[in-house]
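Subject: Structure for you to look at

Hello,

Here is the structure I said I would pass on. Please open it first, then read the notes below.

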Protein chains: 6
Amino acid sequence: MKFIKELVDGERIESVFAVADKQLRTTRAGKMFLSLKLTDKTGNIDAVVWDNAEALSGKFEKGDFIGIRADVNTYQGANQLTLQQLKKVEKTSEYMARFLATSDRDVDEMMDELKLYAMGIENSKVRELVTGLLEDESFAEGFKRSSAAKAMHHVFAGGLLQHTLKVTRISDLIYKEYAETDAAISAMISRDLLIAGAILHDIGKAVELSPGPVFEYTLKGRLLGHIPIGLMTVKARIDKIDGFPDEAADVLMHMLLSHHGEYEYGSPKRPKCMEAFILHYADNIDASLQGLMEYAGKDNAEGKFTAFHRLHERYFYKGRPDLGEDEE
Amino acid sequence: MKFIKELVDGERIESVFAVADKQLRTTRAGKMFLSLKLTDKTGNIDAVVWDNAEALSGKFEKGDFIGIRADVNTYQGANQLTLQQLKKVEKTSEYMARFLATSDRDVDEMMDELKLYAMGIENSKVRELVTGLLEDESFAEGFKRSSAAKAMHHVFAGGLLQHTLKVTRISDLIYKEYAETDAAISAMISRDLLIAGAILHDIGKAVELSPGPVFEYTLKGRLLGHIPIGLMTVKARIDKIDGFPDEAADVLMHMLLSHHGEYEYGSPKRPKCMEAFILHYADNIDASLQGLMEYAGKDNAEGKFTAFHRLHERYFYKGRPDLGEDEE
Amino acid sequence: MKFIKELVDGERIESVFAVADKQLRTTRAGKMFLSLKLTDKTGNIDAVVWDNAEALSGKFEKGDFIGIRADVNTYQGANQLTLQQLKKVEKTSEYMARFLATSDRDVDEMMDELKLYAMGIENSKVRELVTGLLEDESFAEGFKRSSAAKAMHHVFAGGLLQHTLKVTRISDLIYKEYAETDAAISAMISRDLLIAGAILHDIGKAVELSPGPVFEYTLKGRLLGHIPIGLMTVKARIDKIDGFPDEAADVLMHMLLSHHGEYEYGSPKRPKCMEAFILHYADNIDASLQGLMEYAGKDNAEGKFTAFHRLHERYFYKGRPDLGEDEE
Amino acid sequence: MKFIKELVDGERIESVFAVADKQLRTTRAGKMFLSLKLTDKTGNIDAVVWDNAEALSGKFEKGDFIGIRADVNTYQGANQLTLQQLKKVEKTSEYMARFLATSDRDVDEMMDELKLYAMGIENSKVRELVTGLLEDESFAEGFKRSSAAKAMHHVFAGGLLQHTLKVTRISDLIYKEYAETDAAISAMISRDLLIAGAILHDIGKAVELSPGPVFEYTLKGRLLGHIPIGLMTVKARIDKIDGFPDEAADVLMHMLLSHHGEYEYGSPKRPKCMEAFILHYADNIDASLQGLMEYAGKDNAEGKFTAFHRLHERYFYKGRPDLGEDEE
Amino acid sequence: MKFIKELVDGERIESVFAVADKQLRTTRAGKMFLSLKLTDKTGNIDAVVWDNAEALSGKFEKGDFIGIRADVNTYQGANQLTLQQLKKVEKTSEYMARFLATSDRDVDEMMDELKLYAMGIENSKVRELVTGLLEDESFAEGFKRSSAAKAMHHVFAGGLLQHTLKVTRISDLIYKEYAETDAAISAMISRDLLIAGAILHDIGKAVELSPGPVFEYTLKGRLLGHIPIGLMTVKARIDKIDGFPDEAADVLMHMLLSHHGEYEYGSPKRPKCMEAFILHYADNIDASLQGLMEYAGKDNAEGKFTAFHRLHERYFYKGRPDLGEDEE
Amino acid sequence: MKFIKELVDGERIESVFAVADKQLRTTRAGKMFLSLKLTDKTGNIDAVVWDNAEALSGKFEKGDFIGIRADVNTYQGANQLTLQQLKKVEKTSEYMARFLATSDRDVDEMMDELKLYAMGIENSKVRELVTGLLEDESFAEGFKRSSAAKAMHHVFAGGLLQHTLKVTRISDLIYKEYAETDAAISAMISRDLLIAGAILHDIGKAVELSPGPVFEYTLKGRLLGHIPIGLMTVKARIDKIDGFPDEAADVLMHMLLSHHGEYEYGSPKRPKCMEAFILHYADNIDASLQGLMEYAGKDNAEGKFTAFHRLHERYFYKGRPDLGEDEE
């Protein structure tokens, strides 16, 4: 079975895809047809079904997987599919693997590394909070599968975990840098809370976004958002730990509430302590670098700059400057 | 015992006040003295202790109540006290009544009216949530005593309850107005959730602010804020109600999260449904009118306008225009 | 004569529509044709004229009414018209009724209710101002026909009146709520000015927007805006009332100038008195609820949320949460 | 009679001043005294009355003129007055001249020049509007006496006229610059409307601010602001001119409504035509240069920069750079 | 050879155009074709090559000039070209003249006038700086050819020079206006620095934008921007002038750094002296008037207003009001 | 000689201080006196000279060092000095050491470490640029002595160097973190440019601020700012290095221009490449942590929170939460 990126104009194929969009339309001549958008982890493709459209339309929904026989043709530089046959198929794990883009890194390895950080927390109560969550299968399952942001492109299963691990590592690096050279600053930082906050900061995203292959905001995601969802998850677990130090709980929850840094980015609090500042910047660093890399990776603009990025309101430089032949 | 507002230049008094501020200072000549700010529910007054200052200073703290004998004198138009004697006294309920400004309205009557609204909620789960909270003595105690905003001036015990009741009443009025005349709009409003949201919207304030007589932000208040605190309180109670409808819980929590309307006012979500809009505006109406009334009430500026209000960046019109002799 | 929503693919019809847009184009083959957008109060439809396009184009303008004979066909799920014949027709009241979406509520009934509010103003001068305006046929005619905002969709004749009446009712409800329970606040509110301000607040819109069926900004609307237009209308009438109390006039005009609340929404003043705050929030409540209802009503997105609203920058929740079977 | 700037430490004087502030206070020892701020056009001075303070306080108000006998002494580098005698005096024109800082330029000359611009308007209706206003004695009286902004310092009688004339001259210069060299731009400018708009743009300030010697916002100024006040004045006059061209009136009023350029500066409209842009920038140029000159003139900071300007949030460079000995 | 604006539906032409865009595409039937956008100084036109597309595509690039034989046809009201033959041609000056829209004014005349201003600078060092730059052929060449803003439409060779000259003239007019009437202000202005700053303010644009016929941001333009580029150019030249007065250099560079007025428009400094304010407003005046003229000139909207301008967020009034028959 | 922090009420001292402020004043009784603010690296103290004030005032200036004999007394809790004798003294290095707070870390050690980073740059041209600057004694002298921000408190000689080294180390840590785990991201980062940019990013501050003991903005600092000053310094050095790779120069200068991240913080460009993002966040991390540590260190507020920080608009949490007795 070929992936979407491998299709060649003119060939006939048999394959399985996920349905990303589905509309029943009518031609100018009054004939009904099905207009579909199909997807796998390599991209999207438009497809049409000319025969028996109305009947077929009732047999599957957006989000389903379908097996097809189709001809590949090209329109304005892009491939399209004309479907000859289609039928709904089960979401077997084999098929799932075709549709769900995943992290380049091994998910379980990353999870193990994150657990090592959790186990390194010295305070027993704080450690219990974090390891308890990571060891909880019902949580870990969703957490490992979740992306770190909405929409199929630039998002993949394991993305949330990969981001969380990176933020934890960077937070720890910064802590160690100051611990080594600056006693006055490091005296104001609790490494335990910093590591705990870094691991927990985005856990609400596993609920805010639906599991793949199509990553979308859930109802809870839209009404509550990942910061309040994560807060409530952490609070419920703290309440079950006997003797969890009260002020430490407040500082930890403050870190979650303030990690976007400013009100206008949805933080109901702004950073007020060392740990909150470090978490906020570590989060920004990874989001900026990964975002730029992914955006540049998908970008088609000729030259050294990407196309204009609407959200960031700028053209990004995607090259590496030529430092030239170094004569030395 | 005279209240602060009743003091007259030149008289000698015996009374009891709360200590709002305390500093041990030294005169130019090197003599130690105590500089105090004393308070009761009618206002503040500066006071000095010239004799035995250092020893006396160790005997009480800011926040304590002290019984004094003192002379009233005037400096730059304001009364001051020169203390002859002072001793710390117990915080008896009699004294408490002297210091704690309270709502003009009877707190228990207001609480009863609020409970009537709660009992009028038709859905049994939502009603159980709200009545359960109001009937919970450990919650109700603090709720009834709390102010609705920080700082002694323009704030009073019962203020949170009075505001909550008003927001509930206005929300209900608006619901009824549309229910009566506009089916398309009222069909989109759940009165049960609207009333529940109105009653619960500010409950976090009972934790965000310390109990009087001096209303200050607590550690939890500064690190978490009343919106997340209220959210966690509501969530914990919902989790204990078997079969609480899930989406209703999300809408209710959304109302709490969005009731400040915009990110820059600390709302992590902005209103996305009818109930959230009504709650937001009902909250704004009562806060604006009560705030303007209190600010104008304390204002000393000559003429029709108050002094410049720094937060609102304007002079308020505090008069009522003279509509003249109406000849009819 | 069929309405646009009633047309069926394949039928031939004779009907009358208003011309919402008109362009003379040329096919790839060089043939001229007319491309039209036609409208009635049920919606819009694209239409083409293949024969004699150039000559026909000179016979009518955008905004005119035309009688047509045409075939209905379908393209990409939407009906289109191929016109066989067309001729311009007069704007008779019968045709007008076909094109002009109107309030669900009886316009004259609403006008009568608004007049009752006006007549309930106690001060004779203020009452004379408001009733004088509402009784002035040349004003009332346009006022009753006007929409409350631009653009055909989500706007209808009588919309301005319906909004004005609702804002007046809500303002009065809020006044009464405080009058009943809070003497200190209600003492600062003049109900006469509040009611007058509510009735007058948007009268400039009858000039800012063109009369239907196509609601567009007028030249005066674009250069001056409804707030200054309304101000000048009120001022001119006040100047003609002998002995109108001067300060009351200023407060009333202040309410008009500040009812959008903030500079960035086009208010040259921000609310500085009780009446201005109440009017501002009453206006916001009705605009928000009605806007959300209309937007959700037109929305086609699957699920519980509307499509993304560009102006409000959010997805609205359009459902009512399922409160479940209540077992009691 | 000496001016405030001429007073010398140690001398006894007899003079007349305006009362800028008045407070009845009590010394620490319980003695009443009067604390005054006196003013003339050369500056302010603090003054005290030790004897008979209470009785004297009832005999004059803030804003009155008083004749005094007093001793000059110095405190912390500033002169003060200790009053021996005082009595209220009439506001004769001779005294008025002492208190009212006035433009360096002759007011009547400036008025004549402005009238010349008005008479140079070619269109008879527009000319009638502007000359009619300038010739109207009841208007001209206040206009000539008004300042261009609030508060005694950096403000003077004739300031509004001087600013208006400058804005008119600069607008005309810009018009001529483009008329001479750029037909496409100048074809879009009506010089008549430009000159009329420049002359009329700030006329509301004569009502927004009280007449001197103390320039303060009036009630109308605070509730309505000079833009809406000016608009109503212009509209009322246009209504009395038979056949005034309607669209010209709208453009002219648009210029008034948009001359602050942006909503956040209180403009309910932003510039949409050539004339409005020119007026906006001409107004900004004169306000910026005159403001900087006045601020630097009063500034006492050592070095090349003024003290920090709170409103403009910057230190201004007040020097002229030394271009050095030019050897050529 | 016909210009693009002169082409008539149905004719066959031979001409030369610049290639503004080039894409190799495939029809639905799988056939390759070339889709081009061609341009000359009168506009753009779409073109297709059906035969031999792949081979031809390799023979020229975007930005090249091509000679063609083609048929003109029309689609949806717009002309298109179907190319029969094409070959790349050299960029001769004759062809260059066809593609490069230029200022209506003679570039050399404008340059001479600008030099006159430069030579009128009294201080020999400042004069040397400015004349040195204008006389430097390698600079002058690019400066004279540069546009004043990005993108082919509304931009032309010589645009930067024309804008610079206008800003210089307006700055001088404003200087003279104050020099004539206001000694206190003009004493704070150095005309030498004002003229020098006006001439130099935008010189970085000659590097920020590529030379025509297609004006685009260069790599330096995107990474550095014209303000820092201009600053470095000026600094390097000042460093080579012996005895250039130091503080004058700082003020001059401050003018460049602050001429956009506010941080959010890319100014790293805001105006702090007279010269900087005058330059800032003179720049704004010319940019606003010319921008409005060009936008209105290209605008097709019916009526008195342009289409909505996205950047300025408004509809511009493009008419001149009818002042009517003036009966006098 | 005692430091200011060591002074005891009642003693007579002989010492040397720097003059931070100087004013000649007059007592109420007309007597001249000198009011001074004196400073050393431990703090500030007010001082007065009662005798011979006018003559003494002419003998020294603000910024000078004076030797004094004085009595220590206390007023409102703060020590003051009454000077008996004073004379100006030379700024010997011994005295300098008394006044100039310096980094806790050895300046030369830090400089050596920074040079190691510079020497580790692989590209010979980029390395030449950075080492050339650090080895340039005339630059290094000022750089090592400079503070990283204005105003005596929380600023010290060596502060700029300490901050620069920390930003370089953090940038390198982040680079290595991605280099180790993420090929796609690290492939887009030039470590050479990152290290060079980190070392150079704030070099303009050595010119923007005056050398201690009083750190103030210089004329160049106010007119140009440290970003443009640094840019010009780097550009001038690049111009002298033969064959410096052009695009690398542009990226490096872009990093300087964008390191404040947003326009409103004075960056004329916003980050567009990996290196610019890393530098921006590394700068923010060190500024935030060091700023919070210094602010908390000076803070006197009782409890867990600092006083309100006006610039950051928040109370900072200055505690470390008590994690309790950990029973394990």
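Which helix gives the most to the lining of the largest cavity? Keep the question in mind while you look; please note that this is a predicted model.

First, the empty space. Rolling a probe the size of a water molecule over the atoms shows where empty space is left. A search of the whole structure turns up five cavities of 30 Å³ or more. The largest cavity holds about 90 Å³ of space.

Chains A and F both take part in the lining of that cavity. From chain A come A:Glu177, A:Tyr178, A:Thr181 and A:Asp182. From chain F come F:Arg105, F:Gln162, F:Leu165, F:Lys166, F:Arg169, F:Asp286 and F:Gln290. Sorted by class, the lining has six charged, three polar and two nonpolar residues.

Three helices each supply at least two of the lining residues: H6 (159-181) of chain A, and H6 (159-181) and H13 (274-298) of chain F. The answer to the opening question is H6(F), which gives four residues.

Second, the relation between two of the copies. Two copies of a chain are related by a rotation about an axis and a shift along it. For chain D and chain E, a turn of 180 degrees and a shift of 0.1 Å along the axis lay chain D on chain E with an RMSD of 0.1 Å. That is the relation of a two-fold axis. Within chain D, the residue that comes closest to the rotation axis is D:Tyr281, with its C-alpha at 3.3 Å.

Which surface do these two copies use to meet? Of the interface residues of chain D, 100% are also interface residues in chain E, so the copies meet through the same surface.

Regards

Technical notes: Residues are numbered from 1 along each chain as its sequence is written. Chains are lettered from A and ligands numbered from 1 in the order in which they are written. This is a predicted model: local features need pLDDT of at least 70, side-chain atom pairs count only at pLDDT 80 or more; totals for chains, interfaces and linings use all residues. Side-chain values use heavy atoms; hydrogens and water are left out. Copies are superposed by least squares on the C-alpha atoms of residues with pLDDT of at least 70 in both. Contact means heavy atoms within 4.5 Å. On a 1 Å grid over the protein atoms alone, a cavity is a set of points where a 1.4 Å probe fits but cannot get out, and a pocket is an open set with protein on both sides within 12 Å along at least five of seven lines; lining residues have an atom within 4 Å of a point. Grid points are joined across faces, edges and corners, and a volume is the space filled by probe spheres set on the points. Ala, Val, Leu, Ile, Met, Phe, Trp, Tyr, Cys and Pro count as nonpolar, Asp, Glu, Lys and Arg as charged, and the others, Gly among them, as polar.
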